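This report looks at a few contacts inside one protein chain. Please keep the sequence and the structure at hand while reading.

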Amino acid sequence: MGVTSMRRRGTLKTGLLPGGNVALEKIGLTEEDVRDEIMSEEQDLVKELVTMSTRECIQAIRDLPMCMEDKKNIRNQVLASKSSKKGFLLTCSADCSEQISLSLRRCGVGLSSARQAVRLWQGTMKEIGGRFGTSVLSYFSFLKWLLMFNTISFLVNFGFITIPQLVQTSGRSPDVRFTGLELITGAGYFNQTVMYYGGYINGTKDSDFKYNMQLAYFFTIAAYLVLCGVSLIYSMARSFRRNFVLSDLSSGSAWRLLCSWDFSMVNERAVRQRKNNLRVQLKESLSEMMQTNFLPVSERMKQLGIHLCTWVVSAGLAAGSCAAIYYLCQYNLQQIKVSQNPGNLKEEASTLLLPFVVSLFNLVIPLLYSLLSKVENYSNPRFQIYVIILRNVFLKMSILSILCFHWVNNVTTNVPMCWESYVGQDLYRLVIVNFFFSIFGSFFGEFLRRIIGTRCMPSIGIPEFDIATNVLDLIYAQTLTWIGIYFSPLLPLIQMIKLFLLFYLKKVSLNRNCQPPRRSGRAAQMQTIYIALLFFPSFVGALSLVAYTVWCLTPSDSCGPFQGLNTTFEAVSLWMEDTAIISEFSWAVWIYSHMIKSELFFFLLALIFLVLIYFFWQITQGRKMLIILLKEQIINEGKDKAFLLEKLRTFQNLSLVPYHAENVHGPQYFERTYQTESDYSEGYQRGACPEEDTPPFASSALMQAMMARRQAEEEDEEY
């Protein structure tokens, strides 16, 4: 109540005395009385502020409805009053505590600056965002985010699976020598190492050291996949709330223009980068508002026909690619059956045919999709990117579905050796060849086009950075890594090195070969789309394949930690049977029997999850309605202020009329004026605005202010 009354006290200023003595005599006051009352109110306000803490006092002064000069005057009075109270009573301990507090604040600022300085690629990201905009920056932010995922995966797998296996024994045959071709094919020397599933065994070299590799292998991979799922859901929900639920297109540009400048920047280069970044962001925000085309019906039908034809062509390209890859997989399987010398270099190099064709399709067909989008001529650049992403997702996920079907149904029954290691080698080759094709695409797709556009055919121009294709390449490679985490536990290390090199390659190609987007579009919501695509169908599909492998497929009898078992999950069942003998772990056995193995438990869990989603969705809808009502209230408050200012201006004009002119109207004039002012007062107290046809001299803003102040004082006395 103190803050509210303090705000009301701050509203009465000498600027509300426009009419002079004539206006004040109408309400029974003199100018000196009002000035004395204002001074009294100001002294009471200073006394109330003195009793507050420093932070509360600063916040209260900020909330006062005064101009900046009056706020400075109030603040100086408060500081003078506090200093006079303290006088010379400040002790040495107080000075020391103040110095310690200041040192801690400076230390915190220094640590924050150091943390910003050691963040990976922080300066490079600011440079890219300031020059090319947030659309291009979203690709590099997404790449950095994926690098974090793979780093965590490598540390977890290496710490709980690889190191214990290296401590126990070495599963590699000593007669295999390194030729260098293994870096591309992943076979040969790497075949019996800890790179693949076949390099791990459940035996122990020393009887004193017992490590259950079966449980470590299963629970490490399961824990990492659960962690990835939770992180993706949390990141997707937070990004969706920030960029979709709470985003406001109407106030975004004003906020960036008025409130987003960092006044602590003193470096000229940092200031220039920040100015460029703000300029590009404002351009992106304004471009989407101006890109609304109103086409006639004939043009709309023409555009609809073009869109339909391009979708048919894109679906046909994806279907043809899947058919070609399926028959190529069958051909490779036949070659494995008739192979006489699996260790031959020629046959080892022939295994690169499948990843070469897959990567070629993933490179060429997205370029055709980009050409199709040029024919469609979308006016909204962000919608154009979404269409290209959707087509690329359909293509890449269709190819991965064919490969997964081949691995699960054909490889498991027709490969004579360790089929898990064979699948791991295929995934290794796909990741490596995809990296080479990314470099190849940057060279031919960006470098050569820049040479042609600047020297041979200037009409083509300098290329732009293809955000959709590059993002889908990252999602595709990460999907391969998640699928291969069971068959090749160290595959995240390869992906981590690939992403690290890819960042610098794309950065150099972007700076030298590409130009900023001609048609800018906001990219704050694109990051949410990327995370959503990474979750579904990428992560969900990879999780489904790994779960099917663990629960349904029979492990190889000649390799791996699960040899001799019917399924991988049987290792957990056997462990539970051994644990049931120990009475201290009966609770774990009960959880396993009644919860993990129960379909009803997962059904109820899914039902609770859906109920929570609906509950939070209702909360979101309620907050949206509240935001709309608050915006309407702000608009109404502005209209009320404009109305009161207009009446105040009218009253100022009337107060300048000579005093003897009032007698010309006679008593009927005063009676009519008093009646209209009373009507306005009653209507204002009911919350209704006066009618537009009310005479301009019918209200007194000063009288309303005095009445409101007296009413506030009465309320303070009641409380």
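## T162 in helix α8

T162 has its place in helix α8, and in this predicted model the residue is buried, because its relative accessible area is 1% and the cut-off for buried is under 20%. Once the neighbours within four places in sequence are left aside, the contacts of T162 are N157, V194, Y200 and L490.

## An aromatic pair that begins in α8

Helix α8, which spans residues 134-168, also holds F140. Among the 38 aromatic pairs of the structure is the one formed by F140 and F465, whose ring centres lie 6.1 Å apart and whose planes are at 25° to each other, an arrangement that counts as stacked. Because F465 belongs to the loop between α17 and α18 (467-483), this pair ties together parts of the chain that are 325 residues apart in sequence.

Are the two partners buried or exposed? F140 counts as buried, with a relative accessibility of 0%, and F465 is likewise buried, with a relative accessible area of 7%. Both rings also belong to a cluster, linked through ring pairs, that is made up of W121, Y139, F140, F465, F500, F503 and Y504.

## Helix α17 against α18

The loop that carries F465 lies between α17 and α18, and these two helices also meet each other directly, with L427, L430, V431 and N434 of α17 in contact with D473, Y476, A477, L480 and I483 of α18. By residue type, this contact divides into seven nonpolar residues, one polar and one charged.

The axes of α17 and α18 come within 9 Å and cross at roughly 160°, and therefore α17 is described as roughly antiparallel to α18, a term that applies to angles over 145 degrees. The crossing of α17 with α18 is left-handed.

## Helix α17 against α15

Helix α17 (residues 419-456) packs against helix α15 (residues 353-376) as well, at an angle of about 40° and with the axes 9 Å apart, which means that α15 is oblique to α17. This crossing of α15 and α17 is right-handed.

On the α15 side, the contact is made by P355, F356, V358, S359, L360 and L363, while α17 contributes R429, L430, V433, N434, F437, F440 and G441. The residues of this contact of α15 with α17 comprise nine nonpolar, three polar and one charged. L430 and N434 of α17 take part in the contact with α15 and also in the contact with α18.

How values were computed: Residues numbered from 1 in each chain as written. Predicted model: local features only at pLDDT ≥ 70, side-chain atom pairs only at ≥ 80, totals over all residues. Heavy atoms only, no water. Axes fitted to C-alpha atoms, helices over the stretch in contact; angles between N-to-C directions. Helix = DSSP H or I, 4+ residues; strand = E, 2+ residues; numbered from the N terminus. Parallel < 35°, antiparallel > 145°, perpendicular 65-115°, else oblique. Left-handed = near helix turned anticlockwise from the far one by under 90°. Contact = heavy atoms within 4.5 Å. Nonpolar A, V, L, I, M, F, W, Y, C, P; charged D, E, K, R; others polar. Phe/Tyr/Trp six-rings, centres within 6.5 Å; stacked < 30°, edge-to-face > 60°. Buried < 20%, exposed > 50% of the residue type's maximum accessible area, 1.4 Å probe, protein only.
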